[in-house]
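Here's a protein chain to look around in. Take a moment with the sequence and the 3D view, and then we'll walk through it piece by piece.

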Amino acid sequence: MGSDLQSVLISKEEIDAKLAELAAKIDAEYAGKDLLIVGVLKGAVMVMADLARALSTPVTMDWMAVSSYGAGTQSSGVVRILKDLDTDIKGKHVLIVEDIIDSGLTLSWLLSNLGSREPASLEVCTLLRKPDAAKVAIDVKWIGFDIPNEFVVGYGLDFAEKYRNLPFVGTLAPHVYGG
Ligand SMILES: O=P(O)(O)OC[C@H]1O[C@H](OP(=O)(O)OP(=O)(O)O)[C@H](O)[C@@H]1O
Ligand code: HPA
Ligand SMILES: [Mg+2]
């Protein structure tokens with residue numbers, strides 16, 4: 001596992017099973033509708049890739065890049081758009097796909113930003129959520145796992161851009177980030 005990691009919190013098998021479960025629910029919700037899934041770069045790349053392949057509903061995919069964490073383990077609270085959507089979402093059914101909701105600040109900002117573009121519907125699917133870290137309340141329709149308020153890495157999630165390619169979600173040893 002390497003000395004930088006403290007423990008495996010959610011295994012690859014648990015992630016796969018959860019995404020299959022979420023995909024079945026999303027398929028049922030959007031049957032007969034055109035669905036655009038929007039991945040929030042960079043963290044959501046793994047969830048997007050695996051969730052999209054677990055869905056039976058044909059989807060189109062677009063990406064937004066925002067950043068609020070920089071190189072630290074605390075949200076700066078300031079969300080910057082690094083890359084906007086390529087497509088106009090007016091009148092479309094949009095599902096935002098996230099890796100994690102931590103303080104909720106990123107998603108709260110995204111929901112208001114994308115909501116103002118008048119989509120037909122706007123929902124959220126996230127693999128992880130930290131209920132004890134919430135600074136704003138957000139209505140999230142599909143949640144994979146509620147996790148403790150610890151900094152996690154892997155399966156898209158980084159610490160200073162590292163560890164995104166781990167196939168599981170793990171906790172980082174405090175010495176790595178000065179904890
Ligand atoms: O609920 P919050 O406290 O706002 O945190 C969640 C957001 O933070 C992470 O993104 P980050 O800004 O680190 O960019 P990245 O996806 O490129 O790593 C994560 O991917 C979410 O988008
Ligand atoms: O726990 C986390 N780990 C990695 N990136 C994050 N972005 C928000 N919370 C986290
Ligand atoms: Mg990050």
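In what order do the three strands of the open sheet line up? The order is β1-β9-β8, and the pairing is antiparallel. The edges of this sheet are β1 (5–10) and β8 (152–153), each of which pairs on one side only. Keep in mind as you look that this is a predicted model.

**A closer look at that sheet**

Let's zoom in on β1 and its partner. Strand β9 covers residues 169–172, and β1 pairs with β9 in the antiparallel sense over four bridges. If you want one spot to find on screen, look for Ile 10, which stands opposite Val 169 in β9.

Strand β9 is also home to Thr 171. Is Thr 171 buried or exposed? Its relative accessibility is 2%, so Thr 171 counts as buried. If you skip residues up to four places away in sequence, Thr 171 touches Leu 5, Gln 6, Ser 7 and Leu 9, and also Glu 150, Phe 151 and Val 152.

**Stepping back to the whole chain**

How many helices and strands does the chain have? There are three helices and nine strands. Going along the sequence, you'd read the pattern as β-α-β-α-β-β-β-α-β-β-β-β. The radius of gyration is 16 Å, close to the 16 Å that the globule rule gives for 179 residues, so the chain is as compact as a globular protein of that length. Its C-alpha atoms fill a box of roughly 50 × 35 × 25 Å along the principal axes.

Of the 179 residues, 46% count as buried. The chain exposes about 8,500 Å², and carbon and sulfur atoms supply 52% of that. Now for contacts: take those between residues at least 6 apart in sequence, and 66% of them join residues at least 24 apart. As for charge, the chain has 17 positive and 24 negative charges, and their mean positions are 3 Å apart.

**Parallel partners**

Not every pair of strands here runs antiparallel: β2 and β5 pair in the parallel sense, over five bridges. In that pairing, Leu 35 stands opposite His 93 in β5. Strand β5 also pairs with β6 (residues 121–129), again in the parallel sense, this time over eight bridges. His 93 turns up here too, with Ser 121 as its bridge partner in β6.

How many of the nine residues of strand β5 are buried? The count is nine of the nine residues, 93–101, so β5 is largely enclosed by the rest of the structure. Here's a handy bit of background for looking at strands: in a regular strand the side chains alternate between the two faces of the sheet.

**A cis bond at the end of β2**

Next, follow β2 to Leu 41, which lies in that strand. The peptide bond from Leu 41 to Lys 42 is cis, with omega near -5°. Lys 42 itself is found in the loop between β2 (35–41) and α2 (45–54).

How far from Leu 41 is Ala 65, going by their C-alpha atoms? They're separated by 4.5 Å, although the two residues are 24 apart along the chain. Leaving out neighbours within four places in sequence, Leu 41 is in contact with Trp 63, Met 64, Ala 65 and Val 66. Leu 41 has a relative accessible area of 22%, so it counts as partly exposed.

**Two positive phi values in one loop**

Finally, head for the loop between β8 and β9, where you'll find Ala 160. Tyr 163 lies in the loop between β8 and β9 as well. Each has a positive phi in a residue other than glycine. Here's how they look side by side:

| Residue | Phi | Relative accessible area | Status |
|---|---|---|---|
| Ala 160 | near 50° | 36% | partly exposed |
| Tyr 163 | near 75° | 12% | buried |

The cut-off for buried is under 20% relative accessible area. With 12%, Tyr 163 is therefore buried, whereas Ala 160, at 36%, is partly exposed.

Definitions and conventions
Residues numbered from 1 in each chain as written. Chains lettered and ligands numbered in written order. Predicted model: local features only at pLDDT ≥ 70, side-chain atom pairs only at ≥ 80, totals over all residues. Heavy atoms only, no water. Pairing = 2+ DSSP bridges. Rg over C-alpha atoms; globule rule 2.2 N^0.38 Å. Buried < 20%, exposed > 50% of the residue type's maximum accessible area, 1.4 Å probe, protein only. Contact = heavy atoms within 4.5 Å. Areas by Shrake-Rupley, 256 points an atom, 1.4 Å probe, with all protein chains shown as cover. Lys, Arg positive; Asp, Glu negative; His and termini not counted. Charge placed at Lys NZ, Arg CZ, Asp CG, Glu CD.
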